[in-house]
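Q: Please take a close look at one part of this structure, the beginning of the chain, and describe how that part is placed in the whole.

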Amino acid sequence: MDMKNRIRLELRNRSPAEVLELILDNCRSADGDLEGLTSDFCELEYLSLVNVGLASLARVPSLPRLRKLDLSYNNLSASLDKLAEKCPNLTHLNLSGNKIKELTHLETLQNLKNLRSLELLNCDVTAVAGYRDGVFRLLPHVTYLDGFDCDDNEASNSDDDDESEEGAGLPGGYHDEEEEHKDEEEAEVGHEGWSFHTRPGREFLSREDEDDEEGSSPSVEEAASTQGQKRKRSEDDENED
């Protein structure tokens with residue numbers, strides 16, 4: 001699918017300014033033109049452009065709020081100087097699988113002062129002697145390179161300042177259906193198996209007590225029938241006397 005149509009589908013009747021995340025992986029535009037991707041996406045925080053045939057970032061629009069950018073498996077080499085100008089607040093950048101061969105190709109990333117995580121897996125530069133130490137020296141503000149810090153400690157969710165605590169940050173009015181069903185079930189069965197679905201005259205019986213009662217006690221109809229039979233026999237006896 002071409003990029004313009006993919007963007008139209010991703011919008012889902014929203015305006016570009018309402019979109020926070022945009023995934024355009026494997027879409028192609030003629031001559032690297034990111035057709036449909038404009039500076040109107042002014043609130044965009046996450047953009048994925050994996051394998052879209054990019055050889056240059058010249059046509060990337062200005063995205064001042066963008067924090068995470070995935071440019072993996074494109075044809076980028078030394079043309080990274082536009083990133084700081086167009087996406088100045090990047091914290092995570094994935095350049096894996098591009099044609100980055102020298103550490104000097106990364107020098108322009110020094111201008112991304114908020115960059116904390118950089119990925120360069122499957123780039124030729126990873127074969128350069130002293131690659132990891134060289135990147136950390138060149139970019140001292142970067143904490144994680146290819147998922148590990150300078151002491152080879154793996155990045156975790158708690159290290160990612162974009163990750164919130166579980167359940168936090170849900171949009172207003174959001175309802176978790178699973179939790180909703182759970183609440184309904186808990187409302188039906190209370191403490192220690194007591195049922196709060198009651199019938200007239202049989203309130204708050206436990207399941208076991210209810211079973212015992214049904215097995216040992218006659219129903220209201222049975223009791224009424226028995227009482228009627230006793231009354232009839234009594235009347236018959238009086239008539240015989």
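A: The following account turns from the chain as a whole to its opening helix and then to the nonpolar core.

The model is a predicted one. Its protein chain holds six helices and six strands, arranged along the sequence as α-β-β-β-α-β-β-α-β-α-α-α. Of the 241 residues, 30% count as buried.

Helix 1 spans residues 3–11. At its N-terminal end, Asp-2 acts as a cap, with a side-chain oxygen 3.2 Å from the backbone nitrogen of Lys-4. After the helix comes Arg-12, which has a positive phi near 50 degrees.

Within helix 1, the buried residues are Met-3, Ile-7, Glu-10 and Leu-11. Viewed down the helix axis, these buried residues fall within an arc of 100 degrees, so they line one face of helix 1. The cover over them includes strand 1, residues 21–23.

In soluble globular proteins, nonpolar side chains tend to be buried together. Here the largest nonpolar core comprises 45 residues, and those with the most contacts inside it are Leu-47, Leu-49, Leu-93, Leu-95, Leu-109, Leu-118 and Leu-120. Helix 1 supplies at least two residues of this core, as do helix 2 (82–86) and helix 3 (131–138). Helix 3 contributes the most, with four residues.

Leu-120 illustrates the surroundings of one such core residue: leaving aside neighbours within four places in sequence, its contacts include Leu-95, Ile-100, Leu-106, Val-125, Tyr-131 and Leu-145. Ser-96, Thr-126 and Asp-146 are also among the residues in contact with Leu-120.

Technical notes. Residues numbered from 1 in each chain as written. Predicted model: local features only at pLDDT ≥ 70, side-chain atom pairs only at ≥ 80, totals over all residues. Heavy atoms only, no water. Buried < 20%, exposed > 50% of the residue type's maximum accessible area, 1.4 Å probe, protein only. Core = buried A, V, L, I, M, F, W, Y, C linked by side-chain atoms within 4.5 Å. Contact = heavy atoms within 4.5 Å. Arc of directions from axis to C-beta. Polar contact = N/O pair within 3.5 Å; in protein donor to acceptor, adjacent residues only side chain to side chain.
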